[in-house]
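Biologist: I'd like a close look at a single part of this model, and then a walk outward from there. Here is what I have on my screen.

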Amino acid sequence: MHHHNPARRLLKSVLFQAGALLLIGMYLVPMLFIFAMSLRPSQEVFSRPGTLLPENVRAANYPDAVQSADFGRFFINSLGLSVIGTVLQVVLSCLAGYALARIPFRGRNLLFLSIIGLLIIPPQITMIPLFILAKFVPLAGGNDAFGQGGIGLLDSYPGLLLPHLINPLGIFLMRQFYLSLPEELADAVRVDGGTDWTVLWRIFTPLSKPAVVIVAIFSFQGVWNDFLWPLIITQRNELKTLQLGLTVFFQENTTEWPLLMAGVLMASVPVILLFLLAQKFFVTGVGAGALKG
Amino acid sequence: MQDQTLTSVLSRRWLGWLQGAERGVLTKRRARTGYAFIAPAVLILVVTNLIPLLATLYLSFTEYDLLSPPQWVGLGQYESLFQDTDFRNAIGQTLYFTVAQVPLGTAIALLAALLLNRDMAGRTAYRTIVYLPQATSYVVIALIWVFLYDPINGPLNIFLTSMGGGPVYWLTDERMAMPSLVIMSIWRNLGYYMVIYLAALQSVPQELHEAAAIDGASAFGRFLHITIPLIAPVTAFIVVTWTIGALQMFTQAYVMTGGGPVGTTTTIVFRLYEEAFLFLQLGRASAMAMLFLIAVAALGLLGRRFIAGKEA
């Protein structure tokens, strides 16, 4: 009873194609309108309300957004924090992941399980004590040796970085990857007098490029896209990250759609570029992580 | 001759002992390397995760405003939270947001994966487009959707009015605000879960489908009786992950609605933020955080068991 009715197959194929186009349309159409709005002269928003496409195209919205709302500064803040956070998270994940996967020592399993346990804790749970901790760091931000009198690390770059120094997920991913590499590779180095340090950085990590790329992207996205922490610890305008700066700009200029959409698009460029560059690693990594459950 | 044998045996023993000792020293040295490699990570995790976790627990039994030292109040914060109608409202709104988003979103993610799992021109580009919102931040997506939902200039209302419908006040109408946030959140998260489903669909053996087709099973029947059961663990994973993510909703409400209108989009994390950082009620906010952690952890463990059970 295996039907090979060509008319039915054609219909099915057309239906699937139409469904796929509808799905893509739900993403592409909004994106096009956002792009169109980012190129619209400000006065058109009021003079021609209820229209979708700009009459005149104004690319100067982009440099205007960078200057008028200080998005340039916010961009550099976000970029700096994300790069530093990513480097720290990747290096620490490699070191810890290697130790957990490859070096036998007492208490290793307990440590590993504890790190897994931390994965389940949402960041909102620890942010209150972290805020308090940041405020009372001794000798920072006008504090005395007992952490009194000033604001500590609140409203500072190190304070902004505080929750992003490390990511248990990175440690977990690197450990899993190092576990999958053959021990013979390490033996060859050890015979020549190489230490674990050499094995880790010269042999294992170069072979773990997909895992490193995934950890780096997760880290970068985590810092770049974070909103709640910058919101609670930043006061000064010049310290704002892009996400916070965009939100504040929106709250102060609710109808400046062209500048806002230009800012929103610029804020997405680094993370989207990063994603496209590493897509091959990324998609397989997301799938693999999920299937392990 | 005998002497020589004895010496050789002895020397062999000595050698063995020496090697063993050397191995012992080496093992110890390697263990020390292990501790050194993991020490920075553990130190930072203790300072930025473990101590704050314990501190949240401690603070939840106190009254604390950053200015004067914490005052021990026992279970007082928890008791007053259980009677707080605002907090109950926040729990209700959070559950509404989660229950409205996760089952519907999971179904659409599966549908999208089925659509893009077929051989067709531009398949990879399609997947990338659906995934893109996932790469950028919630703030960006929230601001984009504030524009899409704008009553006058927003494309959605322009479309509706051109079709003869009235303008919908997506974010300011009490009944519409939360559904609007749900739609926007599904739009943002769909790509991630679709990719996971695509990977799962690839792993369904083609032979099973062919065998069933020969037995006369329809395409829909095969989907229902072969595909769905085989990808059930992935579905469980998606539901649990998505639920835990949805329970943490904050940014959408903060940016798009400010928790309004009349508290209809005030979530648990939104209340927690207000209580801690606007009203400086850090003890009370910590009690909220602990209740929230218990709920999320219970769900995570339950989900893990469910996923494991399905796989077995």
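Does T266(B) count as buried or exposed, and at what relative accessibility?

Modeller: One caution before the details: this is a predicted model. T266(B) counts as buried, because its relative accessibility is 9% and the cut-off for buried is under 20%. You'll find T266(B) in the loop between α11 and α12 of chain B. A polar atom of its side chain sits 2.9 Å from the backbone oxygen of G259(B). Setting aside residues up to four places away in sequence, T266(B) touches N89(B), A90(B), Q93(B), G259(B) and R271(B). Keep R271(B) in mind, as I'll come back to that residue.

Now look at T265(B), which is in the loop between α11 (251-257) and α12 (268-278) of chain B. T265(B) has a relative accessible area of 0%, so it is buried. Its side chain has a polar atom 2.6 Å from the backbone oxygen of G260(B). Leaving out neighbours within four places in sequence, the contacts of T265(B) are A177(B), M178(B), L181(B), A253(B), T257(B), G259(B) and G260(B).

Follow the chain onward into α12(B). Of its 11 residues, 10 are buried, so the helix is largely enclosed by the rest of the structure. The buried ones include I268(B), F270(B), L272(B) and Y273(B), along with the charged pair R271(B) and E274(B). R271(B) and E274(B) form a salt bridge, with the closest N and O atoms 3.1 Å apart. Both lie in helix α12 of chain B, three residues apart, which is about one turn of the helix. An α-helix has 3.6 residues a turn, so residues three or four places apart point the same way. Both partners of this salt bridge are buried. After α12(B) comes L280(B), whose phi is positive, near 55°.

That pair is part of a wider set, as the structure holds 15 salt bridges over all chains. In chain A, the side chains of E44(A) and R40(A) meet in one, at 3.5 Å from N to O. E44(A) counts as buried at 4% relative accessibility, and R40(A) is buried too, with a relative accessible area of 0%. Compare R190(A) and E183(A), whose salt bridge has its closest N and O atoms 3.0 Å apart. Here R190(A) is partly exposed, with a relative accessible area of 25%, and E183(A) is partly exposed at 28%.

What about the boundary between the chains? The count between chain A and chain B is one salt bridge. It is formed by D196(A) with R30(B), and their closest N and O atoms are 2.9 Å apart. Across that interface there are also 12 residue pairs in polar contact, both residues of each pair being at pLDDT 80 or more. Helix α1 (residues 6-38) of chain A gives the largest share of chain A's side, with 17 residues. The residues on that side divide into 69 nonpolar, 17 polar and seven charged.

As for the extent of the interface, 93 residues of chain A are in contact with 86 residues of chain B. The area buried between the two chains is about 8000 Å², and carbon and sulfur atoms give 79% of it. Y27(A), I125(A) and I128(A) supply 9% of the area that chain A buries against chain B, more than any other three residues.

I128(A) also turns up in the largest nonpolar core, which has 166 residues. I128(A) is among those with the most contacts inside it, as are W257(A), W145(B) and M256(B). Helix α7 (residues 174-202) of chain B gives the most to this core, with 14 residues. Apart from it lies another core, of six residues, among them I272(A), L132(B), A135(B) and V195(B).

Two neighbours in sequence make a good last stop. Beyond residues up to four places away, W145(B) touches L156(B), I183(B), M184(B), W187(B) and M256(B). V146(B), in helix α5 (residues 138-148) of chain B, is buried, with a relative accessible area of 8%. With the same sequence neighbours left out, V146(B) touches F250(A) and W257(A) from chain A, plus L171(B) and M256(B).

Definitions and conventions. Residues numbered from 1 in each chain as written. Chains lettered and ligands numbered in written order. Predicted model: local features only at pLDDT ≥ 70, side-chain atom pairs only at ≥ 80, totals over all residues. Heavy atoms only, no water. Helix = DSSP H or I, 4+ residues; strand = E, 2+ residues; numbered from the N terminus. Buried < 20%, exposed > 50% of the residue type's maximum accessible area, 1.4 Å probe, protein only. Contact = heavy atoms within 4.5 Å. Core = buried A, V, L, I, M, F, W, Y, C linked by side-chain atoms within 4.5 Å. Buried area = accessible area lost by both parts, 1.4 Å probe. Salt bridge = Lys/Arg side-chain N within 4 Å of Asp/Glu carboxyl O. Polar contact = N/O pair within 3.5 Å; in protein donor to acceptor, adjacent residues only side chain to side chain.
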